[in-house]
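Subject: Structure for you to look through

Dear colleague,

I am passing on the structure below, together with an account of what I found in it. Please read the notes with the structure open beside you.

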Amino acid sequence: MTESASPYISRPRITVLGVQPCKSPFRIVEIDGEVVGEARDVTDLLETAAAYGITVHDLDDPDVVRWVGGDRYTWRPRHR
């Protein structure tokens, strides 16, 4: 398979990891592969992104944000 025939795999600058279960749940935020902070809601995420010069127009765009262990609405641990 040539490089031009290979599937495109996006590498978004922002990765939001799964909810950390604790008294005040949060999600770890990575930018360009480095942990840069915690977010307890979408506002925290957008503020962190802005601090790194990233303007997010669409939180559902997989080329911009990668959500791990939930989506933009997941800010509390899932009960099993």
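Which residues does V65 touch, if those up to four places away in sequence are not counted? The contacts of V65 on that basis are P12, I14, V16, V56 and L59. Please keep in mind throughout that this is a predicted model.

I14 in that list also has a part in the strand pairing, where V65 in β4 is its bridge partner. The strands concerned, β1 and β4, run parallel and are joined by three bridges. Both residues return in the largest nonpolar core, which has 13 residues, and of these I14, L45, V56, V65 and W67 touch the most other members. The elements that contribute two or more residues to this core are β1 (14–20), β2 (26–31), α1 and β4 (65–67).

To place these elements in the whole, the chain contains one helix and four strands, and their succession from the N terminus on is β-β-β-α-β. The four strands make up an open sheet with mixed pairing, in which the order is β3-β2-β1-β4. At its edges lie β3 and β4, each of which pairs on one side only. Direction ignored, neighbouring strands of this sheet are turned by 25° against each other on average.

The pairing of β1 with β2 is antiparallel and extends over five bridges, and the two strands are joined as a hairpin through five residues. Within this pair, Q20 has F26 of β2 opposite it. The pairing of β2 with β3 is likewise in the antiparallel sense, over five bridges, with I28 placed opposite E38 of β3 and I31 placed opposite E34 of β3. As for how β2 sits in the model, five of its six residues are buried, so this strand is largely enclosed by the rest of the structure.

The turn between β2 and β3 deserves a separate look. These two strands form a hairpin with two residues between them, and D32 in that turn has a positive phi of about 50°. In general, most residues other than glycine have a negative phi. D32 is not a glycine, and yet its phi is positive. D32 belongs to the loop between β2 and β3 (34–39), and because its relative accessibility is 48%, a value between the 20% and 50% limits, it counts as partly exposed.

Two threonines are also worth following in the viewer. The first to open is T48, which lies in helix α1 (residues 42–51). Is T48 buried or exposed? T48 counts as buried, because its relative accessibility of 14% is under the 20% limit. The side chain of T48 reaches back to the backbone oxygen of D44, at 2.9 Å. If residues up to four places away in sequence are left aside, T48 touches V29, I31 and V36; I31 is the residue already mentioned as standing opposite E34 in β3.

The other threonine, T74, is found in the segment after β4. With a relative accessibility of 11%, T74 also counts as buried. Leaving aside residues up to four places away in sequence, T74 has contacts with V19, R27 and G69.

Finally, some values for the chain as a whole may be useful for your own calculations. Of its 80 residues, 30% count as buried. The area that the chain exposes is about 5800 Å², and carbon and sulfur atoms supply 49% of that area. Among the contacts between residues at least 6 apart in sequence, 42% join residues that are at least 24 apart.

With best regards

Methods
Residues are numbered from 1 along each chain as its sequence is written. This is a predicted model: local features need pLDDT of at least 70, side-chain atom pairs count only at pLDDT 80 or more; totals for chains, interfaces and linings use all residues. Side-chain values use heavy atoms; hydrogens and water are left out. Buried means under 20% relative accessible area, exposed over 50%, partly exposed in between (1.4 Å probe, protein chains only). A polar contact is a pair of N or O atoms within 3.5 Å; within protein, one must be able to donate a hydrogen and the other to accept it, and residues adjacent in sequence count only if both atoms are side-chain atoms. Contact means heavy atoms within 4.5 Å. A nonpolar core is a set of buried Ala, Val, Leu, Ile, Met, Phe, Trp, Tyr and Cys residues joined through side-chain atoms within 4.5 Å. Two strands pair if DSSP finds at least two bridges between them. Axes are lines fitted to C-alpha atoms, for helices over the stretch in contact, and angles run from 0 to 180 degrees between N-to-C directions. Accessible areas come from the Shrake-Rupley method with a 1.4 Å probe; for residues, only the protein chains shown count as cover.
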